Structures are given as C-alpha cells and as structure tokens.
Amino acid sequence: MTVNTLSLSEPLRDYFLQMALREPDILRQLREETSEHRVAKMSLAPEQGALLIFLLRLIGAKRYIEVGTFLGYSSIAAAIAMGEDSQVIACDVCEEFTIQAQSWWKRAGIEQQTKLYLDRAVETLPRLLEKGAAGQFDCMLIDADKPNYPNYYEYALQLVRPRGLIILDNMFLNGRVATPQASHPRSVAILHEFNRQLRDDQRVEHCILPAGDGMTILFKR
Ligand SMILES: C[S@@+](CC[C@H](N)C(=O)[O-])C[C@H]1O[C@@H](n2cnc3c(N)ncnc32)[C@H](O)[C@@H]1O
C-alpha cells in the first residue's frame with residue numbers, strides 16, 4: 001500500500017517525463033523556444049498539458065475556454081486535443097504575451113478555431129454570459145490572477161455544461177497555502193480558503209492532484 005504521494009527526486013522526475021509524455025512537437029518547440037522568457041515558468045508544466053489533453057479527449061470536448069493564456073501552451077494543447085472542428089476561447093489581459101500566443105497559434109495551425117478576448121477576465125466572462133454563452137463550454141481552465149479565482153469559478157459554473165470540467169492551476173501557490181502567514185501576499189489566504197470551499201462544494205465532484213503547483217479538477221454535477 002502507498003501511504004504518501006512520492007516527492008520526485010531529479011532522476012525520478014526525468015524518468016517520469018520520459019515515460020509520461022507524448023508532447024506534440026509544437027508544444028515542445030514552444031516550451032524550448034520560450035524557456036528564456038523572463039516568466040517562462042508561468043506556462044503549464046508539460047505533464048499538466050498531457051493531463052489537460054487526456055481530460056479533454058476523455059469527455060469528447062469541443063468547446064474550451066481559458067482564463068490565462070500567456071504564450072499559448074494550454075490553448076494549443078486544448079485545440080490539439082479537441083481537433084479541427086473545435087473552438088478555443090482565450091481570455092488574457094496582456095497584449096505583449098498574447099501577441100506571441102497568436103503567432104504560436106498560427107504556427108500550430110489553430111488560429112481559425114481560436115478567439116482571443118484581450119481584457120480583464122472579470123469583464124470578459126460576464127459579457128460572454130450576456131451574449132448567451134451559459135452552458136456552452138465543455139471545459140474551462142482557470143490559470144490567471146489568483147485573487148479572482150473564486151469569481152472565475154462562479155462564472156465557470158455558469159459557462160460550463162453539466163458534466164463538464166473546471167480545472168484550476170496553482171492551487172498550492174508554491175506550497176504556501178499549507179501555512180498561510182501575515183507576510184504572504186493576500187492571494188495565499190484567498191486560495192487557502194478557496195481550497196476549503198471547493199472541497200465542500202456539492203455543486204461539483206472534486207479532486208486535487210499534486211501536479212505542477214497543484215491542479216484542482218472539478219466535474220460539474
Ligand atoms: C500562469 S499564466 C497562464 C499560462 C497559460 N495557461 C499557459 O499554459 O501557458 C497567467 C496569465 O494570466 C494573465 N492574467 C493576469 N491577470 C489577468 C486578468 N485579470 N484577466 C485575464 N488574464 C489575466 C496573464 O497576463 C498571464 O498571461
């Protein structure tokens with residue numbers, strides 16, 4: 001019996017990545033070519049990308065929305081997982097990052113099926129709902145500014161169809177959620193409380209995986 005989740009030593013992490021990944025070439029290229037970017041670590045880790053692809057294929061997803069696009073890793077992973085007849089909605093506030101994402105979408109051949117909303121997501125998501133997007137998405141990824149996670153989650157519950165997925169990244173905040181302190185940024189206390197709320201929220205099936213910086217996967221009832 002396994003009692004604890006194993007922490008990964010360097011050799012075990014290398015082995016895990018060798019055995020775990022079928023990373024599409026375009027995603028590997030994006031990762032390698034942007035590894036020098038000043039905030040490259042903001043991208044999903046490749047094993048998280050693999051999990052996203054797996055989950056989208058598992059539920060036969062065709063419509064995906066994300067809050068937090070950065071240079072395009074998760075949006076490209078989603079488009080590849082769902083195939084040509086699918087739609088990706090990408091919400092991000094940063095022009096500099098999304099100019100690069102758009103050029104990666106072109107390189108990946110997915111620009112036709114991908115739409116960018118360049119604004120604060122707390123503005124974009126209610127606007128999509130006003131336009132009739134309730135229940136239209138199979139999956140939403142939340143991977144942006146942490147203090148707004150509880151707001152994004154409430155929008156996600158409206159935008160995602162019953163039996164669709166809501167995925168949240170960075171739910172461990174580098175481990176700090178376990179021991180919140182007054183000196184931490186307020187996002188730590190917010191996610192600490194939000195993790196507890198999600199655990200008890202009966203509107204969703206709930207699971208947290210210690211993948212990347214903590215990934216919560218919710219299945220809307
Ligand atoms: C962790 S990165 C997203 C990584 C991306 N999912 C990937 O796999 O590469 C977070 C992104 O959220 C965006 N962001 C931050 N605050 C935002 C806001 N209020 N509304 C929308 N996007 C925001 C940032 O510009 C940044 O690109």
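A: A residue is near a molecule or strand if its C-beta atom, placed from the backbone, lies within 6 Å of it. This model is predicted: local features need pLDDT of at least 70, side-chain atom pairs count only at pLDDT 80 or more, and totals for chains, interfaces and linings use all residues. Residues are numbered from 1 along each chain as its sequence is written.

Q: How many residues surround the ligand?
A: The ligand has 20 residues around it. The closest are G68, F70, S74, C94 and A144.

Q: Which elements give two or more residues to that shell?
A: Helices (H or I, at least four residues) and strands (E, at least two) are DSSP runs, numbered from the N terminus. Here the elements are α4 (73-82) and β2.

Q: What is the order of the strands in the sheet?
A: Two strands pair if DSSP finds at least two bridges between them. This sheet is open, with seven strands in the order β3-β2-β1-β4-β5-β7-β6 and mixed pairing. The edge strands, β3 (114-118) and β6 (204-209), each pair on one side only.

Q: In which sense do β6 and β7 pair?
A: β6 and β7 (residues 215-220) are antiparallel, over six bridges. V204 has K220 in β7 as its bridge partner.

Q: Is R199 buried or exposed?
A: A residue is buried if 20 or more other C-beta atoms, placed from the backbone, lie within 10 Å of its own, exposed if 12 or fewer, and partly exposed in between. R199 counts as exposed because it has 11 C-beta neighbours inside 10 Å. R199 belongs to helix α8 (residues 186-200).
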